[in-house]
Structure formats: C-alpha cells, structure tokens
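Below are some numbered remarks on the model, for use alongside the coordinates. They cover confidence, the make-up of each chain, and a few local features.

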Amino acid sequence: MNRALHARLLAGAAALLLSATAAAQDPTRALGGLLRSITPGNVLNLPGAAQPGAATTDLLQMLAESVDRIDETRELEIGRQLASVLLGSKPLHPDVALQRYVNRLGRWVSLQSARPQLPWTFAVLDDPGFNAFAAPGGFVFVTKGLVDRVDEAELAGILAHEITHVTRRHHLQALGAKARAGLATQALTSRLRNDLGGAVSAQMLSLGRNLYASGLDQSDEFEADREGVALAARAGFDPYGLPAVLQQLRTAAPDNPLFTLTLSTHPAPQQRLEQLETAMGSRLDAFAGKPPVPIAHRLRQR
Amino acid sequence: MIRTALTRAPAALLLLFSLASLPAPALADEPVLTRRALELRDGAGDGARSLAALPARAALTRLDGRQGAWVQVRTAAGATGWVHMFDLAPASGAGSDNSAGSSATGALRGVTGLFGGGGVRQAGTTAGIRGLGAEDIANAQPNPRALEQVAGWRQGEGDARAFAQQSGLQPVTVEPLPAPARAASRTGGGDPAGREMP
C-alpha cells in the first residue's frame, strides 16, 4: 500500500489550496459547533475568514501535519465528534443496568491502561450485529449482538482491544492520513465548484464516516490485540478471552450480515490468532483457566 | 456483499443459501483441523490425562466448552476431549490465505476445496436480519443527544474498583507481550512499512 506516501505528496498541495477555500466554509453547522472551543491557529487565519471556520480547518490541518500537534483537549474534541457520528448510526440500547455494567467493567479495565485518567465512556448500541468501536479520548461502543455472544472475560478482552486503540491514538493516526488525502481532494473540488458552504464540518463528518467504514491500519489492529490481551490479564481476566472471540469470528462467513463490517474492517481472524499465538506463547497461561462468567449471571447479581 | 459473494465458490453459495434459514449463528460446532500432532486430553491443561494421540490435520469438531486456552472438541470417531485453541485451524482455511508464516496452515490449504473456502459451515445467516453496516455509518448524522446520554452513564474510578472487588477481580502484574520482530511479514495486504513499535 502506498496510500500513506500518496497522501504525503498531496498534503503540500492541500495546504496551499485550503487557504483559498477557508473563507467560503461554514463549519458551525453540521457538528453543532463543537469545534468552536478550539483555539484557532494562524495557518488559515486569513483576513476576512470566519473565525470558527479557521478553527475547524486548523484542527484538520493539524491532524494532517502531525498527530503530535493534537493535545489531549483537542483529542477529546475530535473524539466527541466522532462518537456523536457513531451514535448516529444506531440507537443506544435501552437497558440502563447493562449500560452501567459495561461502564464499570470497561472503567476497571481502563484503570490498568496507560491512560487511566481519560473520561472513559462505554455504551451498548442496540444492534444485532457483532462489532465494537472506539473514538479518541476514551469512547468505546459495543453492539448488543456482540454482548449476547460473549462471556465476561471475552467482553473484557474486546474492551481492552478498543481501549488500546484509544491509548495508542490509532484513530488519530488514521484520521491524519485520511485528512492528508481527503483535504487535498476536498480542496480541489471546492476550488473547482468555487462555492461549497459548510464544507469543513461536512469534511470532518465525512472523514469520520470513512474511518469507521474502512477501519484502521492492520498493524494497529495487531498491536491492539497484543496489548489488549495483556491489559485484560492485568485487570484480572482470563487472557484467552480475546483469542476466544477471534475464534468465534473465524467461524462467521464474511457475508453474514451480522459480521460483515467487523470482518471487512479487520485482518482475517485466523491471521490475528496466529499473530497472538506468536506473541503469547505460553507466557500468560498462568493467568488462564478461570471459570467463565456469563454476562447474564453478572447482571442478575446486581 | 456482492463483491464478496462473487469471489466465493458456487458450491459455497449453495450451501450458504441452504443454511440461511437457521435461527441464529451457531458459533460452536466449527469444523477444525489440528495444526500439529498433539494429545487429546480429558481436561483443560497439559497435565490432563491423554485420551488419544491425534496426527496433524486431524479433522475435529469444535464444541462449546472453553476453559482458558483449552477448548472442547469431538473427534471423527466420536471421542470428546480438550485441546489448546492455538492448535486448531478452521477446516475451511478461511482467514489463512494471506499468511505465509505458518507451514502448518499452508499445508492445510490443500483441503479447503472440501468446504468451499469461506467458513461456510457457520453461515447461520438469519434471513432479513443485518447488523450495523457500512451504509449505517455512511448515513450517520451526529447525535449530540445520545452523546449527552452516554456521558451520564460514565462510571467513576471508585465505582470501577467496587465492581472489581465484588467480582473478585485483582489487578496483576503482566509484562507487555513482545511485538513480533517481523510483524509485517505476516500481515499480507497490510501496510508493511507500518509504524515502529516501541
């Protein structure tokens, strides 16, 4: 894949062209003006450009230049926006006891992570599919279909995988790469059409949709598997929870509509299992073998 | 979707459709093959009594039971016992096609024709039910109200610690797992450049 290189080549052009389009954009609309609190930078602060427009464009510009420019405040802003988009894809599950359980479980796992003090927020989406998502700043969502098919250690393994995506800032990396490529395209289009109101906020929305429909870098998925397994073990769970889930995924046909998105956005389950086997060996076997706890059983306890 | 379906063997599609009326995805009873010669054991662990010696590429059925790394299987002869989950590969060969790293898996590819190459056995597609898909993401509009709602469900550190205590969960020290020295060599289709692992 040479997408990253391609993106880098285009980034320069994007930076030049963006200044021509910034003034025509109205970013305060599509995402509820969430970005208005971000301090505008100077790159696109042209005379006559609307201040919030500069702010939004600036954030994308920062992402495109380097993820290192995104501090935790900005990371949380980006995360809130992406989480808001994800929450627009499916409704929340109405079982508040289940929501609280997943938050306690997830918060416990997150406490053993490299970033225990983020405002970790977990939720169950009311959907029969089998999937999990994360957004920067500590948002982790799982589908009800997934929760119904796993035990507690397996759910902990999945949450630990998603938590690792957050602590390693994988989404920001991916968004940065997409911003580099996408900004160039968008800027060219805007210039040709010359009058595209709302393009910047729409662009963030579009980048987010693109991100969650296409998935993260494969090496990031393998890293999240590897670190997720260790993280779940640190929280006192059976480290084989995540591998067991991958074995479930392995049995699903790629065109089973309950699994399509998970399978299309991740490396093949058997490949992930082989990577985990290499990393785990028998290192964590001393922590394994705890009796499985059904989630329904845990919910009845409370 | 369509592209995926077109890449699949016609026989697999026929099988898929014939299974389409199953009520729910059955995630056990997976046809699997042993990746190496191993012992079938009567319990979860290397210390458990050996029931039988199985050769590499022995056809087994994965059952529901799991205890840690060990899963329950049934042999073609009908014996039931336990093997380590990493010693099993899907009989369909699904997911292994990009992996050049495992000679065992490579050898298994010879038998994929039998199952049509795609986890067909477990299709279990419930007609009319689909999960959150790319089109839901593509059409998603920001939902600030739901965002507010989930923020209200957030649990504090104290709640989490109380949960762990009630659940008998103790934090333990676990060293990070080593990153594979040449992770990219087995990622097939991925970005071999990747990022440097620390």
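**Notes on the two chains**

1. T75(B) is buried, because its relative accessibility of 12% falls under the 20% cut-off. The residue belongs to strand β5 of chain B, which spans residues 70-75. Apart from neighbours within four places in sequence, T75(B) contacts L40(B), L54(B) and L60(B).

2. This is a predicted model, with an ipTM of 0.77 and a pTM of 0.75. The points below should be read with the confidence of each chain in mind.

3. Confidence in chain A: the average pLDDT is 80, and 75% of the residues score at least 70. Residues 8-54 of chain A have pLDDT below 50, yet this stretch makes 79 contacts in the model beyond near neighbours in sequence. Residues 191-200 of chain A are also below 50, with 19 contacts beyond near neighbours in sequence. Where pLDDT is low, the predicted coordinates should not be read in detail. I would ask that any figure of chain A mark residues 8-54 and residues 191-200.

4. Confidence in chain B: the mean pLDDT is 72, and 59% of the residues reach 70 or more. Residues 1-26 of chain B have pLDDT below 50, and the model gives this stretch 38 contacts beyond near neighbours in sequence. A further stretch of chain B, residues 94-125, stays under 50 and has 82 contacts beyond four places in sequence.

5. Make-up of chain A: there are 13 helices and 3 strands. Of its 302 residues, 63% are buried. Among contacts in chain A with a separation of 6 or more, 71% are between residues 24 or more positions apart.

6. Make-up of chain B: the secondary structure consists of 6 helices and 7 strands. In sequence order the pattern is α-α-β-β-β-β-β-β-β-α-α-α-α, so that the strands follow two helices and precede four, as the pattern is written with helices and strands numbered from the N terminus. Buried residues account for 43% of the 198 residues in chain B. Of the contacts in chain B between residues at least 6 apart in sequence, 57% join residues at least 24 apart.

7. How do α4(A) and α6(A) cross? The axes of helix α4 (residues 96-111) and helix α6 (residues 152-167) of chain A come within 10 Å and cross at roughly 60°. That angle makes α4(A) oblique to α6(A), because it falls outside the range of 65 to 115 degrees for roughly perpendicular and is not under 35 degrees. The crossing is right-handed.

8. Which residues make the contact between these two helices? On α4(A) they are Y101(A), V102(A), L105(A), G106(A), V109(A) and S110(A), and on α6(A) they are E152(A), L155(A), A156(A), L159(A), A160(A) and I163(A). By class, the contact has 9 nonpolar, 2 polar and 1 charged residues.

9. Is D225(A) buried or exposed? D225(A) is buried, because its relative accessible area is 1%, under the 20% cut-off. The residue sits in helix α9 of chain A, residues 218-234. Beyond neighbours within four places in sequence, D225(A) is in contact with H161(A), L242(A), L246(A), R272(A) and L276(A). One of these, H161(A), falls within the residue range 152-167 of helix α6 of chain A.

Conventions: Residues numbered from 1 in each chain as written. Chains lettered and ligands numbered in written order. Predicted model: local features only at pLDDT ≥ 70, side-chain atom pairs only at ≥ 80, totals over all residues. Heavy atoms only, no water. Buried < 20%, exposed > 50% of the residue type's maximum accessible area, 1.4 Å probe, protein only. Contact = heavy atoms within 4.5 Å. pLDDT = per-residue confidence, 0-100. Axes fitted to C-alpha atoms, helices over the stretch in contact; angles between N-to-C directions. Parallel < 35°, antiparallel > 145°, perpendicular 65-115°, else oblique. Left-handed = near helix turned anticlockwise from the far one by under 90°. Nonpolar A, V, L, I, M, F, W, Y, C, P; charged D, E, K, R; others polar.
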